Amino acid sequence: FTISNTMATPPTFENLGVNLQTGPEGNVYIAWSASNGYGTNNLRLIFSRSTDGGVSWLPIAKEVLTVNGLLNNLGGGKTMRYRSLPSMTVNQQTGTIYMVWANKGAIGGGSSDGDIYMIKSNNYGDDWSSTPIIVNQDATNTDQWSPWIACDEISNALVCCYYGSQDCISQNNDCANTYVAISYDDGNTWSDYKISGEEWDGDGMSWSADYYAGDYIGVDVYHGLAVPVWSDKRSSAGGEFWAYTNPFEVP
């Protein structure tokens, strides 16, 4: 079953960044990004739902939002390729769906750096919050990108991990660290914490296409224990990308 064929206006270029989640009722949810050309910043976040285990899907996939996505547009000298791919999680007690992505500039204008935003749905993805909520809480004009979100089935706490440049030693937006943001109130407010022990330059591998450095990081959380996983090429790794984790308790 080709879900992208159900889009009202199929993209002329690509569908990518598929994220699959399940809800407490057994629903299967899928989200992805659609674009009309390599290099465009106007990306559509697409959503669909299956109530029969993936056998059939919505007759018309929902175009949730058109975003000013990051597409090879990291600033401050960073060369890491990145595209604004959505990540979802589902509250297994309430059924609320949360979706995050990296947006180029603030919603409504006013800046051009990357920030992490979230929208949510309380009715199985039929409708989504009209005002996106910003996840990262820094007061800088630096980039934040590559989010991944998870929900604790026990406490309902939301945990979102992402790359960010707000604490660069040089103060020039030319590095990357890994952060987590935590919310205890359904995603309405967030608190940020840096979890990487060493910054790196934010550059992808120069020998690969488009300075590729991997498209995803990740996090899972259960019963107060969060386990994030990301990759970076800090000096201790000799310039190679290594995978790191830093498990922590979510109070």
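## Disulfide and cysteines

Cys175 is buried, its relative accessible area being 2%. This is a predicted model. Cys175 pairs with Cys168 in a disulfide, and the two sulfur atoms sit 2.2 Å apart. Cys168 counts as buried because its relative accessibility is 1%, and the cut-off is under 20%. The link between Cys168 and Cys175 is left-handed, with -105° about the S-S bond. A search of the whole structure turns up one disulfide.

Two further cysteines can be checked against that result. Cys151 is in no disulfide. The nearest cysteine sulfur to Cys151 belongs to Cys160, 12 Å away. A disulfide needs sulfur atoms within 2.5 Å, so 12 Å rules out a bond here. Cys151 is buried, with a relative accessible area of 7%. Cys160 is in no disulfide either. For Cys160 the nearest cysteine sulfur is that of Cys161, at 6.4 Å. Cys160 is also buried, at a relative accessible area of 0%.

## The largest pocket

How big is the largest pocket? Its volume is about 250 Å³. The lining of the largest pocket holds 15 residues. Closest to the centre are Gln21, Thr89, Ala150, Cys151 and Asp220. Cys151, already described as buried and in no disulfide, is thus one of these residues.

Four strands each give two or more residues to the lining: strand 1 (14-22), strand 5 (87-90), strand 9 (144-151) and strand 13 (218-222). By type, the lining residues divide into nine nonpolar, four polar and two charged.

## Asp143 and its partners

Asp143 is found in the loop between strand 8 (133-134) and strand 9. Is Asp143 buried or exposed? Asp143 is buried, because its relative accessible area of 2% falls under 20%. The side chain of Asp143 has two polar partners to look at here. One is the side chain of Lys78, joined to that of Asp143 by a polar contact of 3.0 Å. The other is the backbone nitrogen of Gly114, which lies 2.9 Å from a polar atom of the Asp143 side chain.

Leaving aside neighbours within four places in sequence, Asp143 is in contact with residues including Leu74, Gly75, Asp113, Tyr163, Ser165, Gln166 and Asn173. Lys78 and Gly114 are on that contact list too. Asp115 is 28 residues away from Asp143 along the chain, yet their C-alpha atoms are separated by 6.3 Å.

## Gly114 in strand 7

Gly114 lies in strand 7, which covers residues 114-121. Gly114 is buried, with a relative accessible area of 0%. Not counting residues up to four places away in sequence, Gly114 touches Leu70, Asn103, Thr142, Asp143 and Gln144. Pro251 gives a distance to set beside these contacts: Gly114 and Pro251 are 28 Å apart, C-alpha to C-alpha, and 137 residues apart in sequence.

## Ser87 in strand 5

Ser87 is placed in strand 5, one of the strands that help line the largest pocket. Ser87 counts as buried, at 0% relative accessibility. Which backbone atom does the side chain of Ser87 reach? The side chain reaches the backbone nitrogen of Ile149, at 3.2 Å.

Ile149 is also among the contacts of Ser87, once neighbours within four places in sequence are left aside. The other contacts of Ser87 are Asn19, Tyr98, Met99, Val100, Pro147 and Trp148.

Methods
Residues numbered from 1 in each chain as written. Predicted model: local features only at pLDDT ≥ 70, side-chain atom pairs only at ≥ 80, totals over all residues. Heavy atoms only, no water. 1 Å grid on protein atoms, 1.4 Å probe; cavity = no way out; pocket = protein on both sides within 12 Å on 5 of 7 lines; lining within 4 Å. Points joined across faces, edges and corners; volume = space filled by probe spheres on them. Nonpolar A, V, L, I, M, F, W, Y, C, P; charged D, E, K, R; others polar. Buried < 20%, exposed > 50% of the residue type's maximum accessible area, 1.4 Å probe, protein only. Contact = heavy atoms within 4.5 Å. Polar contact = N/O pair within 3.5 Å; in protein donor to acceptor, adjacent residues only side chain to side chain.
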